[in-house]
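Please open the model in your viewer and keep the sequence panel beside it. The stops below say what to select in turn and what is to be found there.

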Amino acid sequence: QAAAPLHPVAVQCQEAQMVVTVHRDLFGTGRLVRAADLTLGSDACLPVGQSTGESAVTFVAGLHECGSTLQITPDSLIYKTSLSYKPTPSGNLVIVRTNAAVVPIECHYPRKSNVSSNAIWPTWAPFRSTLSVEERLMFSLRLMNDDWSTERLSNGFQLGESLHLQADVVSGGHVPLRLFVDDCVATLSPDRSSSPRYALIDLSGCLVDGRLDDTTSAFISPRPRQETLQFVVDAFKFAGDDRNLIYITCHLKVSPADQAPDLLNKACSFNKASSLWAPVEGTGDICSCCETGNCPLYG
């Protein structure tokens, strides 16, 4: 009888995917299982290219693929899936010589690499407007608690949590205004043009972070008032960097409240249920450029 491999199923938990290597001598009997009888996860994903002569089978799957599930604990993000072996009769035989088997697989990732929101504390700059008489408009960007009732006191977030961001404008006796967030970019330094950089909102008001499969980022609709815009972003960190401070810089702007939202002045989120972009207000066609990427830019 052949010696059983020490680890017939080996798992590599990589940054965004897991690599599962299965020795075809799964039971240590010297009888090799067929690659076609092995699948990964509830979606029954198949192995990557497998030649007949190889003694191992390899699966490569994203952490959110193949029907995996996510469990969040105080310290870890745990992605769970399973390797299934279901023997099928070979040829015209009606018998099999091995049992079916299910091997649970888990990848654990620490939540200790928190991101901080120090840079999101209100840092607004007044500017002049000629919509009415020359006067100041005060813009602010604040972190709010989960029910939006008050400003959030803590600067720290753990992966798996969400940032509740609220942009406001105070205009005194100005004509009624509607606030928009033109763009938001995350960086590791206060310089918004530094690298690496990640766009959360882009294309004159498209919340592009919500377009990714594993996020719930979106604008809140309806607004509490025309001078306020709220949005939620899933916490994140930059890959391959252990720093726990991220700067988010946003460009805020206003338009007259009686002006219909358009391609330049919009707040669009991606609705995963319908697979369509939808605006907080206005007609759906103003968000069409969020998908094509050819939105006009503010300048």
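**First stop: a hairpin and its neighbour**

Select residues 9-13 and 17-23, which are strands β1 and β2; these two strands run antiparallel, and five bridges join them. This is a predicted model, and what follows should be read as a description of that prediction. With three residues between them, β1 and β2 form a hairpin, and if you show C13 you will find M18 of β2 standing opposite.

Keep β2 selected and add residues 56-62, strand β4, which pairs with β2 in the antiparallel sense over seven bridges. To fix the register by eye, label V22 and look across to V57, its bridge partner in β4.

**Second stop: the whole chain**

Now widen the selection to the entire protein chain, which has one helix and 19 strands. Of its 299 residues, 42% count as buried. Among contacts between residues at least 6 apart in sequence, 61% join residues at least 24 apart.

**Third stop: the cores**

In soluble globular proteins, nonpolar side chains tend to be buried together. For the case at hand, select L179, V181, C184, F219, F231 and I248, which are the residues with the most contacts inside the largest nonpolar core, a set of 33 residues. Strands that each supply at least two residues of this core are β10 (135-144), β12 (162-170), β13 (177-187), β14 (197-201), β16 (228-234) and β17 (247-256); β13 gives the most, with six residues.

Which residues are in contact with F219, leaving aside its neighbours within four places in sequence? Centre the view on F219 and display I201, G205, L207, L229, Q230, F231, A267, C268, S269 and V280, which make up that set. Apart from the largest core lies another, of 22 residues, and selecting L26, A61, L77 and Y109 will show you some of its members.

**Last stop: the largest pocket**

Keep L77 selected and add E15, H64, Y79 and D214, for these five lie nearest the centre of the largest pocket, among the 33 residues that line it. About 1200 Å³ of space lies in this pocket. Colouring the lining by class will give 15 nonpolar, eight polar and ten charged residues. To see strands that contribute to the lining, select β5 (69-72), β6 (76-85) and β7 (101-110), each of which supplies at least two of its residues.

Notes. Residues numbered from 1 in each chain as written. Predicted model: local features only at pLDDT ≥ 70, side-chain atom pairs only at ≥ 80, totals over all residues. Heavy atoms only, no water. Pairing = 2+ DSSP bridges. Helix = DSSP H or I, 4+ residues; strand = E, 2+ residues; numbered from the N terminus. Core = buried A, V, L, I, M, F, W, Y, C linked by side-chain atoms within 4.5 Å. Buried < 20%, exposed > 50% of the residue type's maximum accessible area, 1.4 Å probe, protein only. Contact = heavy atoms within 4.5 Å. 1 Å grid on protein atoms, 1.4 Å probe; cavity = no way out; pocket = protein on both sides within 12 Å on 5 of 7 lines; lining within 4 Å. Points joined across faces, edges and corners; volume = space filled by probe spheres on them. Nonpolar A, V, L, I, M, F, W, Y, C, P; charged D, E, K, R; others polar.
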